[in-house]
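Reader: Could you take me through one part of this model up close? I'd like the long helix or whatever you find worth a slow look, with the cut-offs spelled out.

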Amino acid sequence: MIDTLEEIANEDVELTKKISDPAVISDQESWKKMMKKQSELEPIVTKYREYKKTQRDFEEAKELAKDPEMKDLAEEEMLEAKEKLPKLENELKVLLIPKDPDDDKNVICEIRAGAGGEEAALFAGTLFRMYSMYCDRKHWKIEVLNENVTELGGYKEISFMIKGKGAYSRLKFESGVHRVQRVPETEASGRIHTSTASVSVLPEVGDVEININPADIKMEVFRSSGAGGQHINKTSSAVRLIHIPTGMVAECQTERSQFQNRDYAMKLLQSRLYEKEKRERDSKIENARRSQIGNAERSEKIRTYNYPQGRITDHRIGLSIYKMDNFLNGDLDEMIDNLTAADTAEKLKGESE
């Protein structure tokens with residue numbers, strides 16, 4: 001680990017020299033790449049400097065302890081440094097874990113009603129509201145791409161883009177089946193029902209990252225549908241894209257312009273194909289020990305929302321939170337922090353094996 005850290009520290013020194021070189025500055029594209037790289041290295045280099053300083057403090061205190069008059073103070077400093085070093089080592093191990101290249105990307109999120117009929121659609125609406133409120137807390141922007149609204153105001157399905165730095169890093173563990181146990185608004189007898197909705201979180205990708213042959217795309221246009229009345233669009237502005245090799249379908253009907261709808265549908269299709277390729281690649285590389293948290297299948301039940309008990313349980317890490325109202329109002333950080341910590345621990349375990 002120390003050899004790796006020394007290489008990173010040397011790379012940081014070289015980058016510092018280069019980014020102040022007028023010849024490099026004149027090539028803005030290269031300069032920006034170097035600045036980005038240095039900003040990625042900075043947390044590791046800063047922590048490594050702290051680690052080396054603590055090591056020096058320990059050695060200096062050890063020498064000072066040979067002086068009888070300074071022994072007590074020196075031993076106190078030695079103990080403090082000795083306790084600090086293992087913590088710094090662990091923090092450095094975490095920082096050295098390869099970062100997910102998608103972490104800083106915007107997100108395309110899809111929520112679909114599962115088992116439970118109208119109640120499942122209402123639960124899908126509850127989840128959309130929850131994520132919307134979380135985005136408000138983070139000052140992220142939401143754009144609805146496609147929605148299929150039910151008469152009672154739920155969603156058979158809804159796709160939306162979340163724009164904000166680090167959105168994917170915070171929401172990537174939300175993919176999977178969410179289960180709700182509650183008395184439905186549609187149920188008069190007061191019986192508790194179980195319904196589900198599936199959530200898919202995809203990183204937004206560009207043309208460079210996923211190349212789609214235009215000949216492989218079939219485009220269909222249709223009239224936007226809604227709950228009726230003023231929601232009905234009289235022009236065929238909605239767009240459906242079909243990727244012929246995989247059969248994947250992406251729709252968008254929220255914009256008035258057919259061009260905008262096609263653009264959003266293409267973004268959605270690109271993200272789905274990118275996720276498919278990424279899963280296949282990860283499966284080949286880490287088939288033996290891939291993290292269950294970071295790679296939850298869409299069909300896997302990941303979380304239960306139990307209304308009578310006011311409990312939200314994430315089944316991957318066995319964590320229960322008894323703050324239903326706060327959670328549904330977008331207070332997700334406690335759950336997300338624990339999922340991130342568990343994923344990091346899993347990766348550290350994999351690195352040590």
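Author: Here's a walk along helix α3, with a short stop at a strand afterwards. This is a predicted model, where local features need pLDDT of at least 70, side-chain atom pairs count only at pLDDT 80 or more, and totals for chains, interfaces and linings use all residues. Residues are numbered from 1 along each chain as its sequence is written, and side-chain values use heavy atoms, with hydrogens and water left out.

Helix α3 covers residues 28–64; helices here are DSSP runs of H or I with at least four residues, strands are E runs of at least two, and both are numbered from the N terminus. From first C-alpha to last, its 37 residues reach 51 Å, close to the 54 Å expected at 1.5 Å a residue (that is, 1.5 Å times one less than the number of residues). There's a kink of about 40° at L41, shortly before the proline P43; the bend is the angle between axes fitted to the seven residues ending there and the seven starting there.

L41 is also one of the buried residues of α3, alongside others including M34, Q38, V45 and Y48. Buried means under 20% relative accessible area, exposed over 50%, and partly exposed in between, using a 1.4 Å probe and protein chains only. An α-helix has 3.6 residues a turn, so residues three or four places apart point the same way. The buried residues of α3 pack against α1 (2–18), α2 (22–26) and α4 (71–96), with contact meaning heavy atoms within 4.5 Å.

As for the strand, β1 (residues 107–113) has five of its seven residues buried, so it is largely enclosed by the rest of the structure.
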